[in-house]
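These exercises concern aromatic rings and how they pair. Work through each task before reading its solution.

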Amino acid sequence: MATGFLAAVIGLAACDPKNISELEEGVSTEADVRARFGEPENIWDAPNGRVLEYNRQPQGQKNYMITIGADGKMSALRQVLTQQNFAKVQPGMMMEDLRKLLGKPAKVTPYALKRETEWEWRWVQPPNSAMVFTATLNDDQRVVRSGSSPDRGTEAP
């Protein structure tokens, strides 16, 4: 069963470029997005609509946030695991804001004695370096530090 799930996830991620090319900002509807990407991992309220989260972790190295405007049309499709977004992660940032910015992490590791939890996202630093971005949260669910390092567990595509 796990092998079938893994194959499905890898197959889904491989379809992303085709699915993305079939969607057009201002034209495609939420139904079009769901037809190509399936059910979202999460749905976030946004000022002018809502954001659908499509997670490709832990096997993939991308997370997508697709904004649906108040008119029901797709207004943005973003791959959020980028250096620009990682730079927005600052000490004191709340866990929920971190989650809305980057999506669900690939791995969550609690360190009970340190009273900290590490969240990790796998990503690709251009042109093709496999990386891991880590945000460490304290007991108050606030970021205390963050940074990227080479992903020793995988090869970039």
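**Exercise 1.** How many aromatic pairs does a search of the whole structure find?

Solution. The model is a predicted one. Searching the whole structure gives 6 aromatic pairs.

**Exercise 2.** Classify the pair formed by Phe86 and Trp123, and locate both residues.

Solution. Step one is the geometry: the ring centres are 4.8 Å apart, and the planes meet at 65 degrees. Planes over 60 degrees apart count as edge-to-face, so this pair is edge-to-face. Step two is the location: Phe86 belongs to helix H3 (residues 83–86), while Trp123 belongs to strand E6 (residues 116–125). The two residues are 37 residues apart, and their pair links distant parts of the chain. Step three is the exposure: Phe86 and Trp123 are both buried.

**Exercise 3.** Treat the pair of Trp121 and Phe133 likewise.

Solution. The centre-to-centre distance is 6.1 Å and the angle between the planes is 40 degrees, which makes the pair tilted. Trp121 is in strand E6 and Phe133 in strand E7 (residues 129–138), so the pair ties together parts 12 residues apart in sequence. Buried means under 20% relative accessible area. Trp121, at 0% relative accessibility, is therefore buried. Phe133 has a relative accessible area of 2% and so is buried.

**Exercise 4.** Which residues form one aromatic cluster?

Solution. The cluster consists of Phe86, Trp119, Trp121, Trp123 and Phe133.

**Exercise 5.** Over the face of which residue does Lys114 lie?

Solution. Lys114 lies over the face of Tyr111, 5.8 Å from the ring centre. The distance cut-off for such a contact is within 6 Å.

Conventions: Residues numbered from 1 in each chain as written. Predicted model: local features only at pLDDT ≥ 70, side-chain atom pairs only at ≥ 80, totals over all residues. Heavy atoms only, no water. Phe/Tyr/Trp six-rings, centres within 6.5 Å; stacked < 30°, edge-to-face > 60°. Helix = DSSP H or I, 4+ residues; strand = E, 2+ residues; numbered from the N terminus. Buried < 20%, exposed > 50% of the residue type's maximum accessible area, 1.4 Å probe, protein only. Lys NZ or Arg CZ within 6 Å of the ring centre and 35° of its normal.
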